[in-house]
Amino acid sequence: MRYICLIYNCADTDGTLTSAETDELIKAHFAFDAELRRDGIMIHADALAMPDEATVLRVRDNRLSVTDGPYVETKEHLAGFYVIEAPGIEKAREIAGRIPSARFGAVELRPVRMLTLPD
């Protein structure tokens, strides 16, 4: 089964890590990525730009609305994600719990719905 691991960073601590701590975290992610690739678990992973670089698009009454920048007031923001393949929720939890950024923020684990076209 496929799962997405959404990484949330706390806005209060984001950007407060020292250069050494940031380097250590990035190295930990690269090592974790390599392990997941080696074990055939990782489908895809990426970090995201800061929320102030986001654009939110909505279509209402066939008209496109575009909103720039942070779009919600929150203490946490979506900072990155992993898409993994795991045999079940327990294994997926074990994998998601090892994501290095979980030490500084939170990881939301959610099954991916595989949509198919109706006949």
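**Exercise 1.** Which residues does S101 touch, not counting residues up to four places away in sequence? Then decide: is S101 buried or exposed?

*Solution.* One thing before you start: you're working with a predicted model.
- Step 1: find S101 in the loop between helix 2 (89-96) and strand 6 (106-111).
- Step 2: list the contacts. With residues up to four places away in sequence left out, S101 touches I7, L25 and H29.
- Step 3: check the relative accessible area, which is 7% for S101. Buried means under 20%, so S101 counts as buried.

**Exercise 2.** Find where A45 sits, and work out what it is in contact with beyond its neighbours within four places in sequence.

*Solution.*
- Step 1: look along strand 2, residues 42-47; that's the place of A45.
- Step 2: skip the neighbours within four places in sequence, and you get contacts from A45 to F81 and Y82.
- Step 3: now try I84. A45 and I84 are 39 residues apart in sequence, yet their C-alpha atoms are 8.6 Å apart in space.

**Exercise 3.** Describe the largest nonpolar core and say which elements supply at least two of its residues each.

*Solution.*
- Step 1: count the members. The largest nonpolar core has 14 residues.
- Step 2: pick out those with the most contacts inside the core: C5, F32, L36, Y82, I84, I95 and I99.
- Step 3: name the suppliers. Strand 1 (2-10), helix 1 (19-38), strand 5 (76-85) and helix 2 each give at least two residues to this core.
- Step 4: zoom in on Y82. Leaving aside neighbours within four places in sequence, its contacts include C5, F32, L36 and I99, along with A45 from Exercise 2.
- Step 5: set this beside a general trend: in soluble globular proteins, nonpolar side chains tend to be buried together.

**Exercise 4.** Is L64 buried or exposed, and which surface patch does L64 help form?

*Solution.*
- Step 1: locate L64 in strand 4.
- Step 2: read its relative accessible area, 59%. Exposed means over 50%, so L64 is exposed.
- Step 3: gather the patch. L57, V59, L64 and V66 form a nonpolar patch on the surface, with about 410 Å² of accessible area together.
- Step 4: see where the patch comes from: strand 3 (55-60) and strand 4 (63-68) each supply at least two of its residues.
- Step 5: look at how those strands are joined. They run antiparallel, with 6 bridges between them, and V59 has L64 as its bridge partner.
- Step 6: finish at the turn. The two strands form a hairpin with 2 residues between them, and D61 in the turn has a positive phi of about 50°.

Key. Residues are numbered from 1 along each chain as its sequence is written. This is a predicted model: local features need pLDDT of at least 70, side-chain atom pairs count only at pLDDT 80 or more; totals for chains, interfaces and linings use all residues. Side-chain values use heavy atoms; hydrogens and water are left out. Contact means heavy atoms within 4.5 Å. Buried means under 20% relative accessible area, exposed over 50%, partly exposed in between (1.4 Å probe, protein chains only). A nonpolar core is a set of buried Ala, Val, Leu, Ile, Met, Phe, Trp, Tyr and Cys residues joined through side-chain atoms within 4.5 Å. Patches are made of residues with over 30% relative accessible area and no salt bridge: like charges are joined within 9 Å, nonpolar side chains (Val, Leu, Ile, Met, Phe, Trp, Tyr) within 5 Å. Accessible areas come from the Shrake-Rupley method with a 1.4 Å probe; for residues, only the protein chains shown count as cover. A salt bridge is a side-chain nitrogen of Lys or Arg within 4 Å of a carboxyl oxygen of Asp or Glu. Two strands pair if DSSP finds at least two bridges between them.
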